[in-house]
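Thanks for passing this one along. Here are my notes, set out point by point so that you can follow them with the model open.

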Amino acid sequence: MINNTLIEEIGEAGNNLGLFLVSSAVEVRGLFDPAATWFGLEAKPQSFLQTLMNYDVASGAYIVLPLLGQSDLINNASIITEGFVYPLNYVLGGHF
């Protein structure tokens, strides 16, 4: 939702917010998806990499990092940022 908002996709951001609210309020332990079934809400994912590319951020140097592999700076920044923000990492206590 945040990435959708940053690149001015307000409709998709609102859709993702609605999906989150319905799933948080009604979903029963993952048995079914009430947001899609009852309201027709489908996820509109947006990555931090796409947000940075929208703002014409240069790809940067090509580097190889342990555990992340080979990539450029912008892609590694996206992977690291999304790893910190991804909620399951906090629930399960994992890292990336």
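The points below go from the overall layout to single residues.

1. Please keep in mind throughout that this is a predicted model. The secondary structure comes to six helices and two strands. Followed along the sequence, these elements give the pattern α-α-α-α-β-β-α-α. Of the 96 residues of the protein, 24% count as buried.

2. A good place to begin is the outside. M1, I2, L6, L17, F20, L21, Y55 and V57 make a nonpolar surface patch of about 780 Å². The elements that each give two or more residues to this patch are α1 and α2. The largest share, three residues, comes from α2.

3. Have a look at F20 within that patch. F20 sits in helix α2. Is F20 buried or exposed? The relative accessible area of F20 is 53%, and the cut-off for exposed is over 50%, so F20 counts as exposed.

4. Next, turn to the second largest pocket, which has a volume of about 320 Å³. Its lining is made up of M1, N4, N16, L17, L19, F20, S23, S24, A43, K44, P45 and Q46. Which element gives the largest share of this lining? That is α2, with six residues. Notice also that M1, L17 and F20 belong to the nonpolar patch and appear again among the lining residues of this pocket.

5. L19 is another lining residue of the second largest pocket, and helix α2 is where you will find L19. L19 has a relative accessible area of 15%; buried means under 20%, so L19 falls in the buried class. From C-alpha to C-alpha, L19 and G40 are 9.3 Å apart in space, with their positions 21 residues apart in sequence.

6. Helix α5 deserves a paragraph of its own. It covers residues 73–85, which is 13 residues, and reaches 18 Å from its first C-alpha to its last. That span is close to the 18 Å expected at 1.5 Å a residue. The buried residues in α5 include I74, N76, S78 and G83.

7. I79 is in helix α5 as well. How should I79 be classed? Its relative accessibility is 32%, between the 20% limit for buried and the 50% limit for exposed, so I79 counts as partly exposed. I79 and L49 are 30 residues apart in sequence, while their C-alpha atoms are 8.1 Å apart in space.

8. Two backbone angles are worth checking by eye. Most residues other than glycine have a negative phi. E8, however, has a phi near 65°, a positive value in a residue other than glycine. E8 is located in the loop that joins α1 (2–6) to α2 (10–26). With a relative accessible area of 68%, E8 is exposed.

9. The other angle belongs to D56, where phi is near 55°, again a positive value in a residue other than glycine. Where does D56 lie? Its place is the loop between α4 (48–54) and β1 (62–65). D56 has 70% relative accessibility and counts as exposed, because the cut-off is over 50%. On either side of D56 in the numbering are Y55 and V57, both of which are members of the nonpolar patch.

Methods:
Residues are numbered from 1 along each chain as its sequence is written. This is a predicted model: local features need pLDDT of at least 70, side-chain atom pairs count only at pLDDT 80 or more; totals for chains, interfaces and linings use all residues. Side-chain values use heavy atoms; hydrogens and water are left out. Helices (H or I, at least four residues) and strands (E, at least two) are DSSP runs, numbered from the N terminus. Buried means under 20% relative accessible area, exposed over 50%, partly exposed in between (1.4 Å probe, protein chains only). The expected span of a helix is 1.5 Å times one less than its number of residues. Patches are made of residues with over 30% relative accessible area and no salt bridge: like charges are joined within 9 Å, nonpolar side chains (Val, Leu, Ile, Met, Phe, Trp, Tyr) within 5 Å. Accessible areas come from the Shrake-Rupley method with a 1.4 Å probe; for residues, only the protein chains shown count as cover. A salt bridge is a side-chain nitrogen of Lys or Arg within 4 Å of a carboxyl oxygen of Asp or Glu. On a 1 Å grid over the protein atoms alone, a cavity is a set of points where a 1.4 Å probe fits but cannot get out, and a pocket is an open set with protein on both sides within 12 Å along at least five of seven lines; lining residues have an atom within 4 Å of a point. Grid points are joined across faces, edges and corners, and a volume is the space filled by probe spheres set on the points.
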